Amino acid sequence: APKEEKPVMAPAPTPAAPTTPGEAGIEYGGTLKYLYGYSPSKNIGWPLDSTNTQRIWGTNFMFAEPLVQLMNDGSIRPWLATSWEIAPDKLSITFHLRKGVKFHDGTEFNADAVKFTLDAVIEAGRAFGTTWKSVDIIDNYTIRLNMTKWLNSFWNGVTATDCMFTSPTAYREKGLDWVKEHPIGTGPFMFVSWSRDQYMKFEKNPNYWQAGKPYLDKIEFIT
């Protein structure tokens, strides 16, 4: 009898190396002007102060970013968190944060910044965070989110616009009203200006944590 052949498993794909300026096939510079059918009813500087149209603007990773990215196939991709562990009882999850990330105001993205935003989500009583109880800082780049119970929709909440991070230093020094009008995140583009029903302008973040990105110098949404 012929010998049964076992299927060959393909190796897991290797993540692409970060691009660097001048890499073959990559063009840098220029301004992308994008005609967009919606204008936010107010500025997008405070993710928790969001309407449906603001969420559309916030989920494109323009100026603010989440801990992880939820992919179309349901998998979770590291982003501002590089790894995580779910407790055996599923009542807490520990995130290990990416080092070397800066907010657009030059301040550090760290455990304090994550706790600041997640505490605000808990205080605001967001529906996806009703089972979130508290946030502990383990060290400067590690936080633990404690929960009353685990929900299968947990990752949807962590990737929501409300959980994208803005500078706590700006909030503490200049207040909520200023932050609302001056979005300061960690994303590839920095906020320049906004005029309701006219435009929203961004420019390249020269200190973005992903080497060689972004490729464009500016993006202008025409609304």
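# Close-up views of a predicted model

**View 1. Strands β6 and β7 run side by side.** In this predicted model, β6 and β7 run antiparallel and are joined by 6 bridges. The connection between them is a hairpin with 2 residues. Look for D139, whose bridge partner in β7 is T142.

**View 2. β7 also pairs with β5.** These two strands are antiparallel too, and 5 bridges hold the pairing. One facing pair to find is T94, which stands opposite R144 in β7. Of the 6 residues in β7, 5 are buried, so the rest of the structure largely encloses this strand.

**View 3. Helix α2 matches its expected span.** The helix covers residues 111–124. How far apart are the end C-alpha atoms of α2? They are 20 Å apart, and 14 residues at 1.5 Å a residue should span 20 Å, so the two values agree. At the N-terminal end, N110 acts as the cap. A side-chain oxygen of N110 lies 3.2 Å from the backbone nitrogen of D112. Just after the helix comes G125, with a positive phi of about 70°.

**View 4. Several elements cover the buried residues of α2.** Which residues of α2 are buried? They are A111, A113, V114, F116, T117, L118, A120 and V121. Their cover includes three strands, β5 (92–97), β6 (132–139) and β7 (142–147). It also includes the helix α4 (168–174).

**View 5. T131 sits in the loop between α2 and β6.** Is T131 buried or exposed? Its relative accessibility is 7%, so T131 counts as buried, the cut-off being under 20%. Leaving out residues up to four places away in sequence, T131 touches N146, M147, T148, K149 and L151.

**View 6. Strands β8 and β9 form a hairpin.** β8 spans residues 189–195 and β9 spans residues 199–204. The two pair in the antiparallel sense over 6 bridges. S195 stands opposite Y199 in β9. The hairpin has 3 residues between the strands, and D197 takes a positive phi near 65° there. β8 is mostly covered, with 5 of its 7 residues buried. When tracing side chains along a strand, keep one rule in mind. In a regular strand, side chains alternate between the two faces of the sheet.

**View 7. Aromatic rings meet edge-to-face.** The whole structure holds 20 aromatic pairs. One of them is F103 with F109, an edge-to-face pair. The ring centres of F103 and F109 are 6.1 Å apart, with 65° between the planes. F103 is buried, at a relative accessible area of 3%. F109 is buried as well, at 0%. F191 and F202 make another pair, with centres 6.2 Å apart. The planes of F191 and F202 meet at 80°, so this pair is edge-to-face, a label that needs over 60 degrees. F191 belongs to β8 and F202 to β9, so their pair ties together parts that are 11 residues apart in sequence. Both F191 and F202 are buried.

**View 8. Seven names make up one ring cluster.** Ring pairs link W84, F95, F128, W132, W150, F154 and W155. Two of these residues lie in strands seen above: F95 falls within β5 (92–97), and W132 within β6 (132–139).

**View 9. Lysines sit over aromatic rings.** The charged end of K174 sits over the ring of W178, 4.2 Å from the ring centre. K201 lies over the face of Y199, and here the distance to the ring centre is 4.6 Å.

Technical notes
Residues numbered from 1 in each chain as written. Heavy atoms only, no water. Buried < 20%, exposed > 50% of the residue type's maximum accessible area, 1.4 Å probe, protein only. Helix = DSSP H or I, 4+ residues; strand = E, 2+ residues; numbered from the N terminus. Pairing = 2+ DSSP bridges. Phe/Tyr/Trp six-rings, centres within 6.5 Å; stacked < 30°, edge-to-face > 60°. Lys NZ or Arg CZ within 6 Å of the ring centre and 35° of its normal. Expected span 1.5 Å × (residues − 1). Contact = heavy atoms within 4.5 Å. Polar contact = N/O pair within 3.5 Å; in protein donor to acceptor, adjacent residues only side chain to side chain.
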